[in-house]
Amino acid sequence: MSEVLAIYPGSFDPITHGHLDLIERGSRLFDHLVVAILTNIEKQALFTVEERVEMLREATQGMANVSVDTFSGLLVDYARRKKARAIVRGIRAFSDYEYELQMVLMNRQLEPNIETVFLTPAQAYGHISSRLVKEIFQHGGSVKGLVPPLVEERLRQKVFSK
Ligand code: PNS
């Protein structure tokens with residue numbers, strides 16, 4: 001049987017413990033998991049794509065079947081090019097569901113052969129978002145336990161060396 005590859009797409013600006021928890025779960029479920037950073041992002045990002053790739057590579061270096069990549073354009077086109085069978089997305093709360101449902105249905109309309117799989121992070125990470133991490137850090141709050149130490153260090157460099 002052929003290996004099943006899944007894509008975990010997102011902006012990862014920056015990666016949190018919630019993302020890492022989902023990456024671990026996804027890597028146990030699929031033969032290969034590609035964490036794919038969207039490059040043509042509409043949101044204003046704090047970290048460059050290169051910085052996000054570096055942080056993700058560092059944070060996932062112990063995971064043999066996980067790789068990190070970037071993509072632009074439509075997710076389904078990228079997934080087709082990678083011959084992916086699934087797209088992984090995280091759902092933390094009901095509030096995530098509406099946006100995610102719209103995306104899964106749209107992606108399915110564009111490419112019916114690729115399934116979206118929703119994973120839920122450990123309860124301890126259910127409240128973490130990259131947006132809140134950045135906001136807390138920029139206002140001097142502690143992000144310990146929300147992001148890996150390597151991201152905390154990058155945040156320090158980025159925010160305080162301006
Ligand atoms: O982490 P995010 O920002 O919630 O991730 C959103 C992402 C990257 C998954 C989504 O914006 C996306 O897939 N963008 C690529 C463009 C695309 O395919 N748009 C149509 C989606 S229905």
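**Exercise 1. Around the ligand**

Task: Of the 14 residues around the ligand, find which come nearest, then look at what their N or O atoms do.

Solution, step by step:

1. Start with the residues that come nearest: Ser11, Lys43, Gly73, Leu75 and Arg89. Keep in mind as you look that this is a predicted model.
2. Go to Ser11. An N or O atom in the Ser11 side chain is 2.8 Å from an oxygen atom of the ligand.
3. Move on to Leu75. Here a backbone N or O atom lies 2.8 Å from a ligand oxygen atom.
4. Now take Arg89, where an N or O atom of the side chain is 3.0 Å from an oxygen atom of the ligand.
5. Finish with the cover: on its own the ligand has 550 Å² of accessible area, and the protein covers 78% of this.

**Exercise 2. Thr116 and its contacts**

Task: Place Thr116 in its strand, decide whether Thr116 is buried or exposed, and list what it is in contact with beyond four places in sequence.

Solution, step by step:

1. Find strand S5, residues 115-119; Thr116 sits in this strand.
2. Check the relative accessible area of Thr116, which is 16%. Buried means under 20%, so Thr116 is buried.
3. Set aside the neighbours within four places in sequence, and Thr116 is in contact with Ile87, Arg89 and Val104. You have already met Arg89, one of the residues that come nearest to the ligand.

**Exercise 3. A nonpolar patch**

Task: Find which residues form the nonpolar patch on the surface and which helix gives the most to it.

Solution, step by step:

1. Pick out Tyr97, Leu101, Leu105 and Phe118, which form the patch and together have about 320 Å² of accessible area.
2. Look at helix H4, residues 94-110: with three residues, this helix gives the most to the patch.
3. Zoom in on Leu105, found in helix H4. Its relative accessibility is 45%, so Leu105 counts as partly exposed.

**Exercise 4. The surroundings of His32**

Task: Describe where His32 lies and what it touches beyond four places in sequence.

Solution, step by step:

1. Locate strand S2, residues 32-38, where His32 lies. The relative accessible area of His32 is 23%, so this residue is partly exposed.
2. Leave out residues up to four places away in sequence; His32 then touches Val4, Leu5, Ala6, Asn65, Val66 and Ser67.
3. Take Val66 from that list: 34 residues separate it from His32 in sequence, but their C-alpha atoms are 6.0 Å apart in space.
4. Then turn to Asn65, whose backbone oxygen lies 3.3 Å from a polar atom of the His32 side chain.

Technical notes: Residues are numbered from 1 along each chain as its sequence is written. This is a predicted model: local features need pLDDT of at least 70, side-chain atom pairs count only at pLDDT 80 or more; totals for chains, interfaces and linings use all residues. Side-chain values use heavy atoms; hydrogens and water are left out. Helices (H or I, at least four residues) and strands (E, at least two) are DSSP runs, numbered from the N terminus. Buried means under 20% relative accessible area, exposed over 50%, partly exposed in between (1.4 Å probe, protein chains only). Contact means heavy atoms within 4.5 Å. A polar contact is a pair of N or O atoms within 3.5 Å; within protein, one must be able to donate a hydrogen and the other to accept it, and residues adjacent in sequence count only if both atoms are side-chain atoms. Patches are made of residues with over 30% relative accessible area and no salt bridge: like charges are joined within 9 Å, nonpolar side chains (Val, Leu, Ile, Met, Phe, Trp, Tyr) within 5 Å. Accessible areas come from the Shrake-Rupley method with a 1.4 Å probe; for residues, only the protein chains shown count as cover. A salt bridge is a side-chain nitrogen of Lys or Arg within 4 Å of a carboxyl oxygen of Asp or Glu. A residue is near a molecule or strand if one of its heavy atoms lies within 4 Å of it.
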